[in-house]
Amino acid sequence: MPTPLNVLLVAPEATPLAKTGGLGDMVGAYGAALRDAGVAALILMPAYPGALAGVLGATRVARLSGLPGGDGVIIRARMPDTGLSVLLLQMDHLYNREGIYRDRHGRDYVDNLVRFASLAAAAARIARGIRGIGRPDIVHAHDWHTGLTPLFMKLGGVQARSVFTIHNLAFQGNYPLTAGEWIGVPPELLVPALSDERSIEFYGSLSMIKAGIVHAERVTTVSERYAREILTPRFGHLMEGVLNAEAHKLSGITNGIDMQTWDPSSDPLIASHYSVDNVAGKYACKRALQQAFGLTREPFVPLVAIGSRLTEQKLAEVVAEAIPAMLSRHERLQFAILGQGDAQIERRMRELAAQWQGRVGTYIGYDETLAHMLHAGADMLLHASRFEPCGLTQLYAMRFGTIPIASRVGGLSDTIVDYALELGKSGAANGFLFEGETVNAVTDAVRRAIDAFKNPSLWRALQRNAMMRESGWGAPVRRYIDLYCGLTDARPAVSRPFVDTRTAMAAPRSTARPAPQLASAEAAQAAAQ
Ligand code: ADP
Ligand code: GLC
């Protein structure tokens, strides 16, 4: 019998072992969904102390010598939540540190190039074949940290095929060209790019993300719209020329989410469970959120959550400026803010909480439990972005019946259906989208959402549409498998249609029903009153 399609996912983080943002969530959940679809999926990531402590059944399987950062050990283990197989690259002098990418002062580790070149080189070795580890048909590398993987695979004459996924083009892993030699990049690939199209030189630097884009056989990004946007100067971060030259192998596949981790009917981190048919428990979640964030405990006021990195990408400085105007205009409006990022924006968010006691609550820091409480307890999620490759928080919010108000860019635009008040009712609407990066654009969108919130039957219909959105990994996994199958003859072990077993087990029965049209949901609501 042929061995099933074997895919090695290479990534700098994977939830629940290591996470700094959506990348970790995507890799952890995608890997498990791929395995559930009959693929022999395996994650390779660094053995950070938290990852070593978090895995189950750790066993040393191989020793790798001569990686760019020295010698390493491969440990095979299982994810604590999904049981997915994971390989940890142990190089304590590189990974045994407090942070994943940065020190406690927020400074990037100076040797990140060597840290992640070592990970890429280990992936290429595994792809060539190591006793005790099944040889992959496909090596799928994620984001700039792993961008050298396809190049090292080529240099090593590896048979396996390579796929590279861009999660955020704003982060490129650009380092001095001279460092290329230390990590084993041949000099002819460090010349000005014009003289050799395989060069990984980028405006005078060595670029790890460019290495991935140029040398992988397929390049994907995490939403369809972002795949188009990054071909333009506005969203290309200067990489648009390279991407246009490689556009024939570029596609967008919108992320799914782990429907079990983010499920209001079973989430252990929220105050009360609820489902699309009975959202009563959401009031208890709202009360708990108000209490945790020092907000006045009023059940019927509009409560807006902000939960993200507080950075320019997330338009956080514009949102901070817009908050006082919104609080003055809507006299009972409340904000719960969870995030960390630029020190100045953090300070501003704290000041707002001090100035608007009881109406603005700010928690600066990273806290998984609070993130669940936030998405469950709020009425709306304000998710502004200058660019957003996919965005996961709007999907988490929708699952909890919390309506997103978001910028019309990238994955936000692909996953949110705008309720266009001025155009009348839209049957599938599940949120609010706005154009532009100004205070007015933000305040205007929030005003539209608050107007809708004042109409309970309309709000309920929006909530139903949001909660019943199919955001699981079923469809995206099928697209990735098709992409892999275009590169190799290996096939998944099961030919039956993909069933997201983790979702199927956890989902409330009602999610099996077709999503109601907004108009008919309203009618049903009216009939019930
Ligand atoms: P990005 O990866 O660009 O930050 P995503 O929306 O894809 O954006 O993913 C963000 C992830 O990080 C989500 O899981 C979100 O809940 C989480 N997150 C962001 N900020 C915080 C925080 N301060 N505390 C806890 N979780 C956070
Ligand atoms: C990046 C992007 C985000 C995306 C995540 C997972 O962090 O900024 O938009 O959702 O990767 O793909």
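Me: In this predicted model, which of the 13 residues around ligand 2 come nearest?
Reply: The structure is a predicted model. A residue belongs to the surroundings of a ligand if one of its heavy atoms lies within 4 Å of it. For ligand 2, those that come nearest are His167, Asn255, Glu388, Cys390 and Gly391.

Me: Which residue has a polar side-chain atom 2.5 Å from an oxygen atom of ligand 2?
Reply: Asn255 places a polar side-chain atom 2.8 Å from an oxygen atom of ligand 2. Gly391 uses a polar backbone atom instead, 2.8 Å from an oxygen atom of the ligand. The residue with the 2.5 Å side-chain distance is Glu388.

Me: What percentage of the accessible area of ligand 2 does the protein cover?
Reply: The shell around ligand 2 has five nonpolar, six polar and two charged residues. On its own, ligand 2 has 310 Å² of accessible area. The part of this area covered by the protein is 92%.

Me: How many residues surround ligand 1?
Reply: The closest residues to ligand 1 are Lys19, Gly22, Asp25, Arg309 and Gly365. By class, the shell has five nonpolar, seven polar and six charged residues. The number of residues surrounding ligand 1 is 18.

Me: Which helices and strands each supply at least two residues of the shell around ligand 1?
Reply: Two strands do so, namely β13 (303–310) and β14 (334–341). Two helices also contribute in this way. They are α1 and α14 (393–399).

Me: What is the distance from a polar backbone atom of Thr393 to an oxygen atom of ligand 1?
Reply: Arg309 has a polar side-chain atom 2.7 Å from an oxygen atom of ligand 1. A backbone N or O atom of Gly365 lies 2.7 Å from a nitrogen atom of the ligand. For the backbone atom of Thr393, the distance to an oxygen atom of ligand 1 is 3.3 Å.

Me: How much accessible area does ligand 1 have on its own?
Reply: The protein covers 93% of the accessible area of ligand 1. The full value for the ligand on its own is 570 Å².

Me: Is helix α1 roughly parallel or roughly perpendicular to helix α18?
Reply: Helix α1 (residues 22–36) packs against helix α18 (residues 474–485) at an angle of about 75°, with the axes 10 Å apart. Angles from 65 to 115 degrees count as roughly perpendicular. The arrangement of α1 relative to α18 is therefore roughly perpendicular.

Me: Which residues of α18 make the contact with α1?
Reply: From α1, the contact involves Met26, Tyr30, Ala33 and Leu34. The residues of this contact divide into eight nonpolar, no polar and no charged. On the α18 side they are Val477, Tyr480, Ile481 and Tyr484.

Me: Which residues of α6 meet α5?
Reply: The axes of α5 (residues 148–155) and α6 (residues 208–215) come within 6 Å and cross at roughly 55°, so the two helices are oblique to each other. Leu148, Pro150, Leu151 and Lys154 take part from α5. From α6, the residues are Met208, Ala211, Gly212, Val214 and His215.

Me: Is the peptide bond from Thr15 to Pro16 cis or trans?
Reply: Most peptide bonds are trans. Pro16 is found in the loop between β1 (6–10) and α1. With omega near 10°, the bond from Thr15 to Pro16 is cis.

Me: What is the phi of Asp143?
Reply: Asp143 is placed in the loop between β6 (138–142) and α5. Most residues other than glycine have a negative phi. Asp143 has a positive phi, near 70°.

Notes:
Residues are numbered from 1 along each chain as its sequence is written. Chains are lettered from A and ligands numbered from 1 in the order in which they are written. This is a predicted model: local features need pLDDT of at least 70, side-chain atom pairs count only at pLDDT 80 or more; totals for chains, interfaces and linings use all residues. Side-chain values use heavy atoms; hydrogens and water are left out. Axes are lines fitted to C-alpha atoms, for helices over the stretch in contact, and angles run from 0 to 180 degrees between N-to-C directions. Helices (H or I, at least four residues) and strands (E, at least two) are DSSP runs, numbered from the N terminus. Angles under 35 degrees count as roughly parallel, over 145 as roughly antiparallel, 65 to 115 as roughly perpendicular and the rest as oblique. Contact means heavy atoms within 4.5 Å. Ala, Val, Leu, Ile, Met, Phe, Trp, Tyr, Cys and Pro count as nonpolar, Asp, Glu, Lys and Arg as charged, and the others, Gly among them, as polar. A polar contact is a pair of N or O atoms within 3.5 Å; within protein, one must be able to donate a hydrogen and the other to accept it, and residues adjacent in sequence count only if both atoms are side-chain atoms. Accessible areas come from the Shrake-Rupley method with a 1.4 Å probe; for residues, only the protein chains shown count as cover.
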